[in-house]
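Here are some friendly notes to read alongside the model. Keep the 3D view open and find each residue as you go.

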Amino acid sequence: MTTPKQTPELTPSVEELEAQERRLVFRRFTYDDAWALGSLLVETARERQAPVAIDIHRAGQQLFHAALPGSAPDNDAWIARKRRVVERYGSASYLVGARHRAKGTTFEASSRLDPDTYAAHGGSFPITVEGVGVIGAVTVSGLPQLQDHRFVVEVLERFLADRGPAASD
């Protein structure tokens, strides 16, 4: 019997990240949707014993927040910094950082924004409503940045798949 080989985690391309944003669009996003999405994020994080903090904002208002065992106050600061990137650029915080890296630079070096206020690290994903645009962000902090990003994307995919086309009816 052979031992399975560990494969390094592949970093998604800018094109793959942009495709995620095109695919993960809501027909509507209500207070109840924020609660249901936040609850699914918490449930999934608890199953994995992930030490994360979770935040959902819409139009400047915090609609959901949870801090799980192992998370720390610093995670809330990271959430705010990553969310500000989504609010400013209208794209996932990880995608914004990836676009800078693809140009051979870093967000911190080329954005001219205060790194204590903005962080283009993975974990904040735009809440985009069909026909409206970006209205908020769902953010996770506590794992390495690519894992934060993938966690949010995975749960958004499940959430939107469960809602189906009748979600906004």
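1. Let's start with a side-chain pair. The side chains of His 65 and Asp 76 are joined by a polar contact of 3.1 Å. Please keep in mind that this is a predicted model. The side chain of His 65 also reaches the backbone oxygen of Ile 54, at 3.3 Å.

2. Where does His 65 lie? Look for it in strand β2. Is His 65 buried, partly exposed or exposed? With a relative accessible area of 35%, His 65 is partly exposed, because that value falls between the 20% limit for buried and the 50% limit for exposed. Setting aside residues up to four places away in sequence, His 65 touches Ile 54, Asp 55, Asp 76 and Ile 79. For a sense of scale, try Ala 109: its C-alpha atom is separated from that of His 65 by 31 Å, and the two residues are 44 apart along the chain.

3. Now turn to the inside of the model. In soluble globular proteins, nonpolar side chains tend to be buried together. Here the largest nonpolar core has 36 residues. Which of them have the most contacts inside this core? They are Phe 26, Phe 29, Leu 37, Leu 41 and Ile 56. The elements giving two or more residues to this core are α1 (14–23), α2 (31–47), β1 (53–58), β2 (61–67), α4 (93–102), β3 (124–129), β4 (133–141) and α6 (145–163). Helix α6 provides the largest share, eight residues.

4. Leu 41 is a good residue to click on. Not counting residues up to four places away in sequence, Leu 41 touches Ile 54, Ile 56, Val 138, Val 140, Phe 151 and Val 155. Apart from the largest core lies another one, of six residues, including Val 85, Val 96, Phe 107 and Leu 113.

5. Next, the aromatic rings. The count of aromatic pairs comes to four. One of them is Phe 26 with Phe 159, a tilted pair with 6.1 Å centre to centre and 50 degrees between the planes. This pair links distant parts of the chain: Phe 26 is in the loop between α1 and α2, while Phe 159 is in helix α6, 133 residues apart. Both Phe 26 and Phe 159 are buried. Ring pairs also bring Phe 29 into the picture, linking Phe 26, Phe 29 and Phe 159 into a cluster.

6. Another aromatic pair is Tyr 89 with Phe 107, which is edge-to-face, at 6.0 Å centre to centre and 70 degrees between the planes. Tyr 89 belongs to helix α3 (residues 73–89) and Phe 107 to helix α5 (residues 107–110), 18 residues apart. How do the two partners fare for exposure? Tyr 89 is partly exposed, with a relative accessible area of 34%, whereas Phe 107 is buried, with a relative accessible area of 3%.

7. Two rings have a charged partner. Arg 58 lies over the face of Tyr 31, at 4.5 Å from the ring centre. The charged end of Arg 101 sits over the ring of Tyr 94, 5.2 Å from its centre.

8. Helix α1 makes a nice exercise in helix faces. Which residues of α1 are buried? They are Val 14, Leu 17, Gln 20 and Glu 21. Seen down the axis of α1, the buried residues fall within an arc of 120 degrees, so they line one face of the helix. On the other side of α1, Glu 15 and Arg 22 are exposed. The cover over the buried residues of α1 includes α4, β3 and α6.

9. Finally, visit two residues of strand β3. Ser 124 is in this strand, and Ser 124 is buried, with a relative accessible area of 0%. Its side chain makes a polar contact with the side chain of Thr 139, at 2.7 Å. Not counting residues up to four places away in sequence, Ser 124 touches a set of residues that includes Lys 82, Arg 83, Val 86 and Ala 92. Thr 128 is also in strand β3. Thr 128 counts as buried because its relative accessibility of 17% is under the 20% cut-off. Leaving aside neighbours within four places in sequence, Thr 128 is in contact with Val 25, Phe 26, Gly 133 and Val 134.

Note on methods. Residues numbered from 1 in each chain as written. Predicted model: local features only at pLDDT ≥ 70, side-chain atom pairs only at ≥ 80, totals over all residues. Heavy atoms only, no water. Core = buried A, V, L, I, M, F, W, Y, C linked by side-chain atoms within 4.5 Å. Buried < 20%, exposed > 50% of the residue type's maximum accessible area, 1.4 Å probe, protein only. Helix = DSSP H or I, 4+ residues; strand = E, 2+ residues; numbered from the N terminus. Contact = heavy atoms within 4.5 Å. Phe/Tyr/Trp six-rings, centres within 6.5 Å; stacked < 30°, edge-to-face > 60°. Lys NZ or Arg CZ within 6 Å of the ring centre and 35° of its normal. Arc of directions from axis to C-beta. Polar contact = N/O pair within 3.5 Å; in protein donor to acceptor, adjacent residues only side chain to side chain.
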